[in-house]
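Colleague: I would like to learn how to read the contacts in a model of protein with nucleic acid. Could we take one feature after another, with the general idea before the case?

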Number of protein chains: 2
Amino acid sequence: MDDSRSSGGLRERKRRATENAIEEAAVGLALRDGIAAATVEAICREAGVSRSTFFNYFPSKEQAIFGRAAEFAPDATSEAILDAHAGELAVGVFYVGLHALGSQRVNTEVARARVALVAADPALAHHHAAAVAKLEAGLVALLADWLARHPDARRLPGDPLVEATLTVAAATGAGRLMMAEFLAGAGDIAIDEERFRAALAAMALVAGAGAPGASHG
Amino acid sequence: MDDSRSSGGLRERKRRATENAIEEAAVGLALRDGIAAATVEAICREAGVSRSTFFNYFPSKEQAIFGRAAEFAPDATSEAILDAHAGELAVGVFYVGLHALGSQRVNTEVARARVALVAADPALAHHHAAAVAKLEAGLVALLADWLARHPDARRLPGDPLVEATLTVAAATGAGRLMMAEFLAGAGDIAIDEERFRAALAAMALVAGAGAPGASHG
DNA sequence: CCGAAATCTTGGACAAAGTGCAAGTTTGTA
DNA sequence: TACAAACTTGCACTTTGTCCAAGATTTCGG
């Protein structure tokens, strides 16, 4: 049943090819002629499929252009990453986020093109925002579940959801800064743990500035 | 010229009444019969206006239901708030955010209904996410500008945008937690500075846990 | 190899969102 | 009153997205 979906049958190969064709046509058209010109009809013409087939692969035009929102099921890898960073969960969340983004097997060129698209047209920012929000929500759920099963690693009392929310907020705040620097700096800035830790520390500084005597006496 | 827009002429009174009618019809219908049933036509019928008029007031159906995204122009009040909290800008950002949300003169009942709508249908969460993202972007821009003009208040070297991004990330992280608690706790939880400071301190704790001694290297 | 079953593609009809425009109506103002 | 600005409305149009039925393709069992 799932065999035909994951292994290399003719059907599956064709399906991937079609999906790729649509995706590339969508992104390419949007980049070349602008978002407004990238109608579903134009994309279909470019990709050589019918309108029906288009909506058979993507539920909306936007998802064809911007990709399906990162919906990562809580897999074993995420679990292992958190286990390995039990003492510094913000860093763990950082790696889980990278894992979630990386495991989407997206064409690198397509990904870059998408960044350019959003950067060029501010009216499209909400797509990016929605995707980020979805990823964040997933991370919170994952971490809250993990925290409930690992009480020893917790730093805050009460509902695990609270600690999860704050930890993810811290991680994504730092991540957001890195992304901003990455985009502003011509893209040659590395996204690594060191930079992430520096951003995290800086955020703890500006956050702690408003709450004297609460964190470390 | 602007007189007729802001003062209490007949025209302006009518305009506000129509806007309110559309807004209430939109939210009411969505709540009562579900989002799917709240078509533009139905809203217009309920509000007693034509389709043309509808789009004359709201650029999209979603904005009628969920409200125009909080677009706050950097006004004098925001400036004064930041001035008053130069030593703890995260708190200042908190108050500016409250100001931006509060100055939208939204009907309280409509606001509550909107929260219920988003809570009921998770598929609608991206509207909320986009609105939050827009507010955040505005806050970052405002704070970066303020920081550039008040170097003495800064805590981080380099681009003011960096400090602004991190400070806003910290503030909205804490704010997000408060909002989550507010929604989870039947809505009888106060949103005040004390709770905000506590959330901020907690976030500094979980963030600082992952970056020992990295801030003053 | 052959036929049945599942899957995929396609075209067409349809509801609804959103845009543009021209005509008519109401309000503000001299 | 007369005129200009702003508002409302109906209509035609493009586009997105859904639904369905008919035909083509792939898979699989015998």
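Modeller: Let us begin with the phosphate contacts of one strand, where the thing to look at is which atom of the protein, backbone or side chain, faces the phosphate oxygen. In this predicted model, a backbone N or O atom of B:Ser50 lies 3.1 Å from a phosphate oxygen of DNA strand D, whereas B:Arg15 places a polar side-chain atom 3.0 Å from a phosphate oxygen of that strand.

Colleague: Which atom of DNA strand D lies 2.7 Å from the side chain of B:Ser52?

Modeller: The partner there is a base nitrogen of DNA strand D, with an N or O atom in the side chain of B:Ser52 at that distance of 2.7 Å. The elements that each give two or more residues to the surface near DNA strand D are H2 and H4 of chain A, together with H2 and H4 of chain B. The largest share, 4 residues, comes from H4(B).

Colleague: How many residues are around DNA strand D, and which come nearest?

Modeller: There are 19 residues around DNA strand D, and those that come nearest are A:Lys14, A:Arg51, A:Lys61, B:Ser52 and B:Thr53, so that both chains are represented by the definition of nearness used here, a heavy atom within 4 Å. Sorted by class, this surface has 6 nonpolar, 7 polar and 6 charged residues. Of the atoms of DNA strand D within 4 Å of the protein, 59% belong to sugar or phosphate, and the rest belong to bases.

Colleague: Turning to the other strand, which residues are the closest to DNA strand C?

Modeller: The approach is to list the neighbours and then look at individual atom pairs. DNA strand C is surrounded by 19 residues, the closest being A:Ser52, A:Thr53, B:Lys14, B:Arg51 and B:Lys61. For A:Thr53, an N or O atom in the side chain is 2.5 Å from a phosphate oxygen of DNA strand C, while A:Ser50 brings a backbone N or O atom to 3.0 Å from a phosphate oxygen of the strand. From the other chain, a polar backbone atom of B:Leu10 is 2.9 Å from a phosphate oxygen of DNA strand C.

Colleague: Which element gives the most to the surface near DNA strand C?

Modeller: That element is H4(A), with 4 residues, and by class the surface divides into 6 nonpolar, 7 polar and 6 charged residues. Of the strand C atoms within 4 Å of the protein, 60% belong to sugar or phosphate and the rest to bases.

Colleague: Where does the UniProt record place the feature "DNA-binding region" in chain A?

Modeller: The unreviewed UniProt entry places that feature at residues 39–58 of chain A. In the model this span is 75% helix and 0% strand, with its end C-alpha atoms 14 Å apart.

Colleague: Finally, how many residues does each chain give to the contact between chain A and chain B?

Modeller: Each of the two sides is counted separately, with 40 residues from chain A and 40 residues from chain B. The buried area is about 3000 Å², and carbon and sulfur atoms give 79% of that area. Across this interface there are 2 salt bridges, one of them between B:Glu136 and A:Arg176, whose closest N and O atoms are 2.9 Å apart. On the side of chain A that touches chain B, helices H7 (89–102), H9 (125–149), H10 (160–184) and H11 (193–208) of chain A each supply at least two residues, and the largest share, 12 residues, comes from H10(A).

Conventions: Residues are numbered from 1 along each chain as its sequence is written. Chains are lettered from A and ligands numbered from 1 in the order in which they are written. This is a predicted model: local features need pLDDT of at least 70, side-chain atom pairs count only at pLDDT 80 or more; totals for chains, interfaces and linings use all residues. Side-chain values use heavy atoms; hydrogens and water are left out. Contact means heavy atoms within 4.5 Å. Buried area is the accessible area (1.4 Å probe) that two parts lose on being put together, summed over both. A salt bridge is a side-chain nitrogen of Lys or Arg within 4 Å of a carboxyl oxygen of Asp or Glu. A polar contact is a pair of N or O atoms within 3.5 Å; within protein, one must be able to donate a hydrogen and the other to accept it, and residues adjacent in sequence count only if both atoms are side-chain atoms. Ala, Val, Leu, Ile, Met, Phe, Trp, Tyr, Cys and Pro count as nonpolar, Asp, Glu, Lys and Arg as charged, and the others, Gly among them, as polar. UniProt positions are given in the numbering used here, feature names are shortened, and annotations may be inferred rather than shown by experiment.
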